[in-house]
Amino acid sequence: MAQSLSFTVKRHAPEFVKPSKPTPHTIKLLSDVDDQDGLRFQIPIIQFYKYDPNMKGKDPVDVIRKALSKTLVFYYPFAGRLREVHARKVIVDCNDEGVLFIEADADVTLEEFGDALQPPFPCLDELLYDVPGSSDVINTPILLIQVTRLKCGGFIFAIRLNHIISDATGLVQFMKAVGEISRGMNIPSISPVWRRELLNARDPPRVTCTHREYEQVPDTKGTIVHLDDMVHRSFFFGPTELSALRPQFPSHLQQQSRFEIITACLWRCRTIALQPETDEEVRIICIYNARGKFNPPLPKGYYGNAFAFPVAISTAGKLIENPLGYALDLIKKAKADVTEEYMHSMADLMVIKGRPHFTSVRMYLVSDVTHVGLRDVDFGWGKAVYGGPAHGGVGVVPGLASFYIPFKNAKGEEGLVIPVCLPNQAMKRFVKELDSLLKNNITLPTNGGLKSSFIISSL
């Protein structure tokens, strides 16, 4: 990534794109998993596409705008507005007001971004413009989309989703539908399914599982990470990095999943970097897609939020002093807690407790989007060169989240790119700890350059 890259984006006035045909004007209820406090934020996604000579003469802005309008006939709740009613319940007013759409041009080529496209992206605010008055969760457009043409003939598709209405799996289902209609299909290959009542609280609600992720923990020692002096960096984990990490686990854990190996390392490195007192509890939440846990399964095409926030908890002292296998075992146990009963219990807790936010005190959240399929979204110009979250740290409490994003580095190695947000001095300590785990395989950037390929971008 060219660290000093700057460019100019010329935007047209934002417009509303509405369904191309009449759709039902109705009220739709969200599930009790959808409208919890921890999902009341906007999540930005960005996709980079190369020029394709086979599409010569076709304008990506025009193609996508028209396909979007047709797709909204099937996904008409996205064209409505969220309203909050009694007991903080959120509903969708399906009123065809439309989604926000911005046409733009940038005086930059895809090549100028460099070989390695990963967050944080330069001039992101210009590529996904925050239209004044649009970023609130209630009574605003549910989607904001900006398509920016590049000088090379490629383009950037950026989208901001109101997380209450869908998770990443649901959003990608919608984006792929826009892609299919862009490429000439008349109807999406997967029909959207609402059925939000499947994840509603039971009657009467009853909490049957332990949900320590929603504990109300007092921040008695002022250890919530503050956004002052926050640094954003991305880290690449490919075959070389994994082969350096696995031997540091006990032999019976060395073949655990890539997610579990990396997550255990990041949790401990981040905890060391933030320097909590040894008796303080630290937490890691691993976003878990629970679609496969239901019997019968959730219907194909369901595009609501269907994931849990299982949490692993340790005192900082035990996490730091124990071998890495200790952290991995805690993470595995937390993931194993998620069952169909766990999801129903979580929905019940939302109703009983007033839709609480998961605790953010000494908490780190990780979300693996490698299997979601963002890079596979094709509007006619082929798959995205990069497709994924626009930056790390998004959420109701910014700065706490990292995404695991599929990525191919400049060497052609497939792996993950992981954005991390930390205060400046903590980031230096984090890099030092990670460096020691990776046997000195990474080096901080100097004079805008890199001594190795591990830390690949920073702003």
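In this predicted model, arginine 83 faces isoleucine 91, a residue of S6. The two strands around this spot, S5 and S6 (residues 90–94), run antiparallel and are joined by four bridges. They belong to an open sheet of three strands, arranged in the order S3-S6-S5 with antiparallel pairing. Strand S3 (26–29) and strand S5 (81–84) form the edges of this sheet; each has a single partner strand, so one side of each is left without a neighbour in the sheet. Averaged over neighbouring strands and with direction ignored, the turn of one strand against the next is 35 degrees.

Aromatic residues offer a second way into the fold, with 21 aromatic pairs in the structure. One of them joins phenylalanine 48 and phenylalanine 121 in a tilted arrangement, with 5.1 Å from centre to centre and 35 degrees between the planes. Phenylalanine 48 is part of strand S4 (residues 42–49), while phenylalanine 121 sits in the loop between strand S7 (99–106) and helix H2 (124–127), so the pair ties together parts of the chain that are 73 residues apart in sequence. Both partners are shielded: phenylalanine 48 counts as buried at 0% relative accessibility, and phenylalanine 121 counts as buried at 3%.

Another pair, formed by phenylalanine 236 and phenylalanine 407, is edge-to-face, with the centres 6.0 Å apart and the planes at 65 degrees. Here, too, distant parts of the chain are linked: phenylalanine 236 comes from strand S10 (residues 230–237) and phenylalanine 407 from strand S17 (residues 401–408), 171 residues apart. The relative accessibility is 0% for phenylalanine 236, which counts as buried, and 4% for phenylalanine 407, also counted as buried.

Phe48 and Phe121 are also members of an aromatic cluster, together with Phe7, Phe113 and Tyr386. Tyrosine rings take part in contacts with charged groups as well. The charged end of arginine 11 sits over the ring of tyrosine 129, 3.8 Å from the ring centre. Arginine 196 lies over the face of tyrosine 302, at 5.7 Å from the centre of that ring.

Turning to the interior, the largest nonpolar core has 79 residues, of which Ile46, Phe78, Phe157 and Phe174 touch the most other members. Helix H3 (residues 168–182) gives the most to this core, contributing seven residues. With neighbours within four places in sequence left aside, isoleucine 46 contacts Phe121, Leu124, Leu127, Ile156, Phe157, Ala158, Tyr386, Gly387, Gly388, Pro389 and Ala390. Two of these names are familiar from the aromatic cluster, namely Phe121 and Tyr386. A further core of 42 residues lies apart from the largest one, and its members include Cys286, Leu319, Leu324 and Phe430.

Leucine 144 gives a closer view of a single buried position. This residue lies in strand S8 (residues 143–149) and is buried, with a relative accessible area of 1%. Not counting residues up to four places away in sequence, leucine 144 touches Leu100, Ile102, Leu128, Tyr129, Val131, Ser134, Ala158, Ile159 and Arg160. Among these partners, Tyr129 carries the ring over which the charged end of arginine 11 sits, and Ala158 is also in contact with isoleucine 46. Between leucine 144 and glutamate 15, which are 129 residues apart along the chain, the C-alpha atoms are separated by 9.9 Å.

Conventions:
Residues are numbered from 1 along each chain as its sequence is written. This is a predicted model: local features need pLDDT of at least 70, side-chain atom pairs count only at pLDDT 80 or more; totals for chains, interfaces and linings use all residues. Side-chain values use heavy atoms; hydrogens and water are left out. Rings of Phe, Tyr and Trp (its six-membered ring) pair if their centres lie within 6.5 Å; planes under 30 degrees apart count as stacked, over 60 as edge-to-face and the rest as tilted. Buried means under 20% relative accessible area, exposed over 50%, partly exposed in between (1.4 Å probe, protein chains only). A charge sits over a ring if NZ of Lys or CZ of Arg is within 6 Å of the ring centre and within 35 degrees of the ring normal. Two strands pair if DSSP finds at least two bridges between them. Axes are lines fitted to C-alpha atoms, for helices over the stretch in contact, and angles run from 0 to 180 degrees between N-to-C directions. A nonpolar core is a set of buried Ala, Val, Leu, Ile, Met, Phe, Trp, Tyr and Cys residues joined through side-chain atoms within 4.5 Å. Contact means heavy atoms within 4.5 Å.
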